[in-house]
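Student: Could we go through this one together, starting with helix packing and then the empty spaces?

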Amino acid sequence: MPTKKCPFSDFPDPFAAAREAEGIQEIDDQGDPVKMVLGHRNVRKSAHDWKTYQSGAKPGRIVVPSEVNIRDIRQIPFETDPPEHTAYRALVEAWFRRPLEEAYEAALTELINSELDRALNAGAMEVVHDFALPLQSRALTLLLNCPRQEAEHWIGWGTHVFRSDDDPLDSGKANQLYDYLDAEIARAGKDPENGTDLYAHLLRAEYKGRKLTIEEIKGVMILTFAGGRDTVINAVTNTLAYFAGNPEDLARLKENPDLTTRAVEELVRYFSPLTHMGRVATKDAEVSGCPVAANTRISLAWAAANRDPGVFENPNEVVIERKANPHLGFGFGIHKCLGAPHARQVLKVLINALARRVNKIEVTNYEDNIEQWGEFERKVGFHRLQIQIS
Amino acid sequence: MANITFITQAGKSLKLAADSGSVMELAVNNNVPGIDGDCGGVCSCATCHVHVAPEDWEKTGAPGDLEKDMLEFDDNVNEFSRLSCQISITEALDGITLKVAN
Ligand code: FES
């Protein structure tokens with residue numbers, strides 16, 4: 001279904017040639033190179049093989065760009081391997097599935113509708129900072145089960161909790177989050193038995209017969225703040241851009257709200273808000289016919305796998321009713337995104353609200369957010385997206 | 001109407017019935033433990049993995065190509081693995097038994 005493409009709602013695939021040719025591409029990252037794995041099957045295969053490709057390396061090393069120079073705290077369960085990973089994940093899995101509960105969805109619906117009220121009343125806005133950032137921050141209060149006004153701090157931190165706009169590795173920025181978390185954990189620690197937020201949940205949790213350390217609790221919280229920040233902001237912003245460029249799809253969703261679930265998955269595939277995630281080889285190995293030396297890095301390029309023409313028909317088209325859609329937008333294997341139920345619910349509620357309430361979205365100005373990975377230039381979202389909305 | 005029996009990881013047996021939709025939807029609507037259906041049934045999350053009883057394999061049939069791909073690197077795969085969101089409920093499934101894989 002070829003659609004006419006507007007420049008702002010088109011997210012090209014920069015990986016096509018390399019995925020087809022070698023299926024793998026090495027890029028530099030602060031002197032610790034990364035072999036990006038690009039094909040759908042090899043990404044799944046490597047993600048599955050956590051013994052060879054570990055996550056429990058030095059904290060920050062599996063992230064690209066590497067954060068080893070700006071943080072020592074291990075993100076949990078994300079930067080651990082089984083058996084620790086299994087035990088940590090079991091402590092938080094049920095909590096991160098609360099978004100599927102009716103009351104959570106109702107609260108999220110109320111929240112997103114009030115964001116949309118604001119937008120419709122104004123008639124015009126800059127989506128990233130005036131809509132997506134506050135929406136992401138306020139929705140996160142539901143995931144933490146903390147007071148809504150906490151979000152006002154987080155909004156002040158900007159779009160990324162570790163990175164400032166002009167410096168992708170800004171340790172001053174990270175400290176702001178750490179100080180905040182220390183204060184919050186101390187507050188929750190005054191009455192962990194009766195606390196109802198995520199901090200209290202973690203303070204009560206038993207890990208292998210002991211309580212979690214403050215360091216471990218911080219590790220979970222940092223993951224919660226960092227993992228769902230720019231990813232959700234990009235997904236929300238890109239969704240608005242997409243419907244601005246493809247109003248017929250919004251009209252179809254209005255007529256047929258049952259399509260929403262599939263539309264969410266398809267937009268996550270197409271946008272792939274997290275381009276890739278690294279792993280460290282525990283021994284000499286091989287991916288896609290290419291040797292990977294022990295203690296070097298690969299990355300699982302979800303975004304490249306999600307455009308693999310061997311798996312997806314018309315991979316560069318958004319087909320909102322796509323039925324078989326084995327995308328890797330939330331990762332694959334034991335480390336798959338813990339926040340996925342929340343993110344899916346945010347997008348589902350947002351799309352429903354847009355379909356029901358919005359007649360027209362018009363982009364009046366924008367600035368793409370282009371990531372640079374070696375030779376690859378990938379549009380992941382926007383620095384600014386100015387729209388009119390009615 | 002098709003009667004479908006789910007055996008959970010804990011060994012509990014749940015008899016459910018439906019005449020349309022997917023097997024995953026039936027399980028999720030009835031809170032069968034271990035079937036989450038996170039992706040809503042588009043073959044992306046593998047949280048709907050079941051093992052079909054060998055004698056019922058003919059009734060469900062083998063997985064399609066994309067489904068087979070996703071199962072290839074899933075945990076606890078065996079020769080009777082299916083992603084239950086890819087199994088549509090019809091009369092023909094009446095009487096089958098599925099074991100929850102995870
Ligand atoms: S429900 Fe997600 S793969 Fe079946």
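What follows is a short back-and-forth on helix contacts, spaces and backbone oddities.

Tutor: This is a predicted model, where local features need pLDDT of at least 70 and side-chain atom pairs count only at pLDDT 80 or more, while totals for chains, interfaces and linings use all residues. Residues are numbered from 1 along each chain as its sequence is written, chains are lettered from A and ligands numbered from 1 in the order in which they are written, and side-chain values use heavy atoms, with hydrogens and water left out.

Student: How are α7(A) and α9(A) oriented to each other?
Tutor: Helices here are DSSP runs of H or I with at least four residues, strands are E runs of at least two, and both are numbered from the N terminus. Axes are lines fitted to C-alpha atoms, for helices over the stretch in contact, with angles from 0 to 180 degrees between N-to-C directions. The axes of α7 (171-189) and α9 (214-227) of chain A come within 10 Å and cross at roughly 125 degrees. Under 35 degrees counts as roughly parallel, over 145 as roughly antiparallel, 65 to 115 as roughly perpendicular and the rest as oblique, so α7(A) and α9(A) are oblique.

Student: What classes of residue make up the contact of α7(A) with α9(A)?
Tutor: Contact means heavy atoms within 4.5 Å, and residues including A:L177, A:Y178 and A:I185 in α7(A) meet others including A:I214, A:M221 and A:F225 in α9(A). Ala, Val, Leu, Ile, Met, Phe, Trp, Tyr, Cys and Pro count as nonpolar, Asp, Glu, Lys and Arg as charged, and the others, Gly among them, as polar. The split for α7(A) with α9(A) is 10 nonpolar, no polar and two charged.

Student: And what about α5(A) and α10(A): how do they lie?
Tutor: Helices α5 (127-144) and α10 (230-245) of chain A pack with their axes 9 Å apart, at an angle of about 130 degrees. That angle makes α5(A) oblique to α10(A).

Student: Which space is found in the second largest pocket, and how much of it?
Tutor: On a 1 Å grid over the protein atoms alone, a cavity is a set of points where a 1.4 Å probe fits but cannot get out, while a pocket is an open set with protein on both sides within 12 Å along at least five of seven lines; lining residues have an atom within 4 Å of a point. Grid points are joined across faces, edges and corners, and a volume is the space filled by probe spheres set on the points. For the second largest pocket, that comes to about 870 Å³.

Student: Which helix gives the most to the lining of the second largest pocket?
Tutor: The lining has 36 residues, with A:E93, A:G333, A:I334, A:K336 and B:T47 nearest the centre. By class they divide into 16 nonpolar, 11 polar and nine charged. With four residues, the top contributor is α3(A).

Student: How much space is in the second largest cavity?
Tutor: Three cavities of 30 Å³ or more are counted. Among the residues lining the second largest one are A:F11, A:R269 and A:K379, and the lining has five nonpolar, one polar and five charged residues. Its space is about 50 Å³.

Student: Where is B:C43, the non-glycine with a positive phi?
Tutor: B:C43 has a phi of about 80 degrees. Its place is the loop between α1 (23-29) and β3 (49-52) of chain B.
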